[in-house]
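Dear colleague,

Please find below the structure that I am handing over to you. My notes on what was found in it follow directly after.

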Amino acid sequence: MTDRIEPASAGDVAAVAAIEREVFTDPWAESAFAGLLGRPHVYFAVAHPASGTATSGYVVAIFAGGEGEIANLAVAPDARGRGLGARLVDAVFQEAGRRDTEALYLEVRESNAAARHLYGTRGFEEVGRRRGYYRRPVEDALILRRSVGPRLT
C-alpha cells in the first residue's frame, strides 16, 4: 500500500499538528501550520494512505531566491519503516525542480540518526552546525545541503 502525497488543506492541519506533537519535543503550533496554507513560497504536503484519509506524514519546504529549505518533515510512528519519509523528501525535490531551485537546505538534530541516514540517502551533505539550536533538550543542529538544479524533473 502506497501513500498519496498531495497539497495540504485546512482539513489536514489538526492531524499534522497531532503528529508534530507526538514526534517532536518542541513542536510547531497548529496555528503555524494553518498559516502556511496558500502561501506561494511554501510547499506544504501531506501523505494519506491509499485506502483512507488519515494523515501519515507531512513536509513543509520554503522556497526563495533559487534556494529551498525543508523546514519540517515528520512521519507518524505507526507509518514508519515503509519509505514514506524518503517519498516526502522526493516530493520536495520535484517541487524544487518546478521552482528552478539550485540547492536545498535543512537542519537536523545531531542525535537524530534515523533522519540523518534518510537525508544522506537522498544526497544531503553536512555543511555547518548551529550550536544550541534546538530546545527541549538543547542540542546542536547540523546544517545539510543538497544541490538540485537548476532544473530537476
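I begin with one residue pairing: Arg130 stands opposite Ala141 in β7. Please bear in mind throughout that this is a predicted model.

The sheet

The strand carrying that pairing partner, β7, runs antiparallel to β6, and 6 bridges join the two. Both belong to an open sheet of 7 strands with mixed pairing, in the order β1-β2-β3-β4-β5-β7-β6. Its edge strands are β1 (3–7) and β6 (125–134), each of which pairs on one side only. From one strand to the next, the twist averages 25 degrees. As general background, strands of a sheet pair through backbone hydrogen bonds, either parallel or antiparallel.

Strand β3 has antiparallel partners in β2 and β4. With β2 the pairing extends over 6 bridges, and Val42 stands opposite Ile62 of β3. With β4 there are 8 bridges; here Val59 has Leu73 in β4 as its bridge partner. β3 and β4 form a hairpin with 2 residues between them, and Gly65 in the turn has a positive phi of about 55 degrees. β3 is also mostly covered, with 6 of its 8 residues buried. Helix α1 lies across β2, β3 and β4, and runs at about 80 degrees to β4.

Helix α3

Helix α3 covers residues 84–98; at 1.5 Å a residue, its 15 residues should span 21 Å, and the end C-alpha atoms are indeed 21 Å apart. Because 11 of these 15 residues are buried, α3 is largely enclosed by the rest of the structure. The buried residues include Leu84, Leu88, Val89, Val92 and Phe93, and also Glu95. Just after the helix, Asp100 takes a positive phi of about 50 degrees.

The nonpolar core

The largest nonpolar core holds 41 residues, of which Phe44, Tyr119 and Phe124 touch the most other members. Among the elements that give two or more residues to this core are α1 (13–23), β2 (42–49), β5 (103–109) and α4 (113–121). The helix α3 gives the most, with 8 residues.

Phe124 deserves a separate entry. Leaving aside residues up to four places away in sequence, Phe124 touches Ile70, Val89, Phe93, Leu104, Leu106, Tyr119, Leu144, Arg145 and Arg146.

Aromatic pairs

A search of the whole structure finds 6 aromatic pairs. One of them joins Phe33 and Tyr58 in an edge-to-face arrangement, at 5.5 Å centre to centre and with 80 degrees between the planes. This pair links distant parts of the chain, since Phe33 is in helix α2 (residues 30–34) and Tyr58 is in strand β3, 25 residues apart. Phe33 has a relative accessible area of 0% and is therefore buried. Tyr58 is likewise buried, at a relative accessible area of 0%. Ring pairs link Trp28, Phe33, Phe44 and Tyr58 into a cluster.

A histidine in β2

Is His48 buried or exposed? At 4% relative accessibility, His48 counts as buried. This residue lies in strand β2. Not counting residues up to four places away in sequence, His48 touches Asp3, Arg4, Glu6, Asp12, Thr53, Ala54, Thr55 and Ser56.

With kind regards

Note on methods
Residues numbered from 1 in each chain as written. Predicted model: local features only at pLDDT ≥ 70, side-chain atom pairs only at ≥ 80, totals over all residues. Heavy atoms only, no water. Helix = DSSP H or I, 4+ residues; strand = E, 2+ residues; numbered from the N terminus. Expected span 1.5 Å × (residues − 1). Buried < 20%, exposed > 50% of the residue type's maximum accessible area, 1.4 Å probe, protein only. Core = buried A, V, L, I, M, F, W, Y, C linked by side-chain atoms within 4.5 Å. Contact = heavy atoms within 4.5 Å. Pairing = 2+ DSSP bridges. Axes fitted to C-alpha atoms, helices over the stretch in contact; angles between N-to-C directions. Phe/Tyr/Trp six-rings, centres within 6.5 Å; stacked < 30°, edge-to-face > 60°.
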